[in-house]
Amino acid sequence: MALELRHLRYLLAVAEHGSFTRAAEDLHISQPTLSQQVKQLERTVGVQLLDRTGRTVRLTDAGEAYTHHARHALRDLAAAERAVHDVRDLSRGHLRLGLTPTFTAYLVGPLIAELHARHPGVTLAVREMPQDRIETGLLDDELDLGIAFAGPHLAGIEAAALFTETLSLVTAAAGPAADPPKPLPVTTLADRQLALLSGDFATRTHIDAYFAQHHVSPRIAGEANSIQALTEIVRRTSLATVLPDAITHDHPHLTPLPLDPALPTRTVTLLRRTDAYRTAAARAFTRLARELVHSRGYAPA
């Protein structure tokens, strides 16, 4: 029997679900057909790949080794297919982008608008996710690019700096000010009520570490798991928050107040897999990202 790609996909599905029944349902084929196909694969390679004796189906040692290479083979084949269909003039194409949630509020919208204006034939799939999930998604060839923060990265991930992000205390706008506000001592936050992003955001971890470093414990009167909700809370109440300056730049109803000592800056980076094929769409998006941060006056990295 000639080995076909479907046999690899069938084996990986059974290994993932630990069950022929659930794998067959996911693949939309009958269980007997799936079992027969996997047995054919085992006869072809000449070794038992699955242990069927327990309550759940699991990979044998040989199966573990085989599926490791099978996953890489399927990933490389998918990359090869994208390379074949890559159109250099960008009359068509597809880009898979992962990003941490904060960037949805101020960076992704303008980037998508510019990409669509210049290259309307390019489609874009955007996914919000934690930074560690972005990196595994890049390594598993589920994403082409990621936007996240500099720091220790997984092996095989390449990071290119885009700009430096600064954060400030943010309140509702009180009207035009004659002079730039003076930095506010961080110790005064002990007497203020704040509304902050929830722990789902890397920004919250960054803020909490800053407070801990300066031994300040503000009263957290509210949390929100979206930037839009948080900005509305601050706009309509006396609560303050902490946000990147790039977000308040686009909100005339919000006023940033620098803190003393200043919140530590963060370097925003564009992530990709080191050995990944770079499609024309990915290269175009990278150029647009650099142009946008420059045109908006973001601090260089």
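This is a conversation about the pockets, the cavity and some of the strands in a predicted model.

Visitor: I'm new to this one, so how much space lies in the largest pocket?

Guide: In this predicted model, the largest pocket holds about 500 Å³ of space. Its lining is made up of 16 residues, and those that lie nearest the centre are L12, R71, L74, D140 and E142.

Visitor: Which helices supply at least two residues of that lining?

Guide: Those are α1, residues 5-17, then α2, residues 20-27, and α4, residues 61-85. The largest share of the lining belongs to α4, which contributes 6 residues.

Visitor: And by class, what does the lining of the largest pocket have?

Guide: There are 8 charged residues in the lining of the largest pocket, along with 6 nonpolar and 2 polar ones.

Visitor: What volume does the second largest pocket have?

Guide: The second largest pocket has a volume of about 160 Å³, and the residues lining it include F163, T164, D245, H249, R296 and Y298. Two elements give two or more residues to this lining, namely β6 (157-165) and α9 (245-249). Sorted by class, the lining of the second largest pocket has 4 nonpolar, 4 polar and 3 charged residues.

Visitor: Let's go to closed spaces. How many cavities of 30 Å³ or more does the structure hold?

Guide: The structure holds 1 cavity of that kind, and about 120 Å³ of space lies in the largest cavity. It is lined by 14 residues, with L143, D144, A276, Y277 and R278 the closest to its centre.

Visitor: Which elements each supply at least two residues there?

Guide: They are α4 and β14, the latter covering residues 266-273. So α4 comes up twice in our talk, since this helix also supplies at least two residues of the lining of the largest pocket. By class, the lining of the largest cavity has 7 nonpolar, 6 charged and 1 polar residue.

Visitor: Changing topic to strands: is β3 mostly covered or uncovered?

Guide: Strand β3, residues 93-99, is mostly covered, with 5 of its 7 residues buried.

Visitor: Which strands does β3 pair with in the parallel sense?

Guide: One of them is β4, residues 122-128, which pairs with β3 in the parallel sense over 7 bridges, and within this pairing L97 stands opposite V126. To get from β3 to β4 the chain passes through helix α5, residues 108-118, in a right-handed β-α-β crossover. Strand β5, residues 145-149, also pairs with β3 in the parallel sense, over 3 bridges, and there G98 has G146 as its bridge partner.

Visitor: What other strands make a β-α-β unit with a helix?

Guide: Strands β9 and β10 do, together with helix α7, residues 202-213, and this unit is right-handed. The two strands, β9 at residues 193-197 and β10 at residues 219-224, pair in the parallel sense over 5 bridges, with L196 opposite E223 in β10.

Visitor: And where is there antiparallel pairing?

Guide: An open sheet of 3 strands, in the order β11-β7-β12, has antiparallel pairing. Its edge strands are β11 (241-244) and β12 (254-257), each of which pairs on one side only. Leaving direction aside, neighbouring strands of this sheet are turned by 50 degrees against each other on average.

Visitor: How many bridges join β7 to β11?

Guide: Strand β7, residues 167-172, is joined to β11 by 4 bridges, and the two run antiparallel. Across that pairing, L169 stands opposite V242 in β11.

Key. Residues numbered from 1 in each chain as written. Predicted model: local features only at pLDDT ≥ 70, side-chain atom pairs only at ≥ 80, totals over all residues. Heavy atoms only, no water. 1 Å grid on protein atoms, 1.4 Å probe; cavity = no way out; pocket = protein on both sides within 12 Å on 5 of 7 lines; lining within 4 Å. Points joined across faces, edges and corners; volume = space filled by probe spheres on them. Nonpolar A, V, L, I, M, F, W, Y, C, P; charged D, E, K, R; others polar. Buried < 20%, exposed > 50% of the residue type's maximum accessible area, 1.4 Å probe, protein only. Pairing = 2+ DSSP bridges. Right-handed = clockwise from strand over helix to strand, strands pointing away. Axes fitted to C-alpha atoms, helices over the stretch in contact; angles between N-to-C directions.
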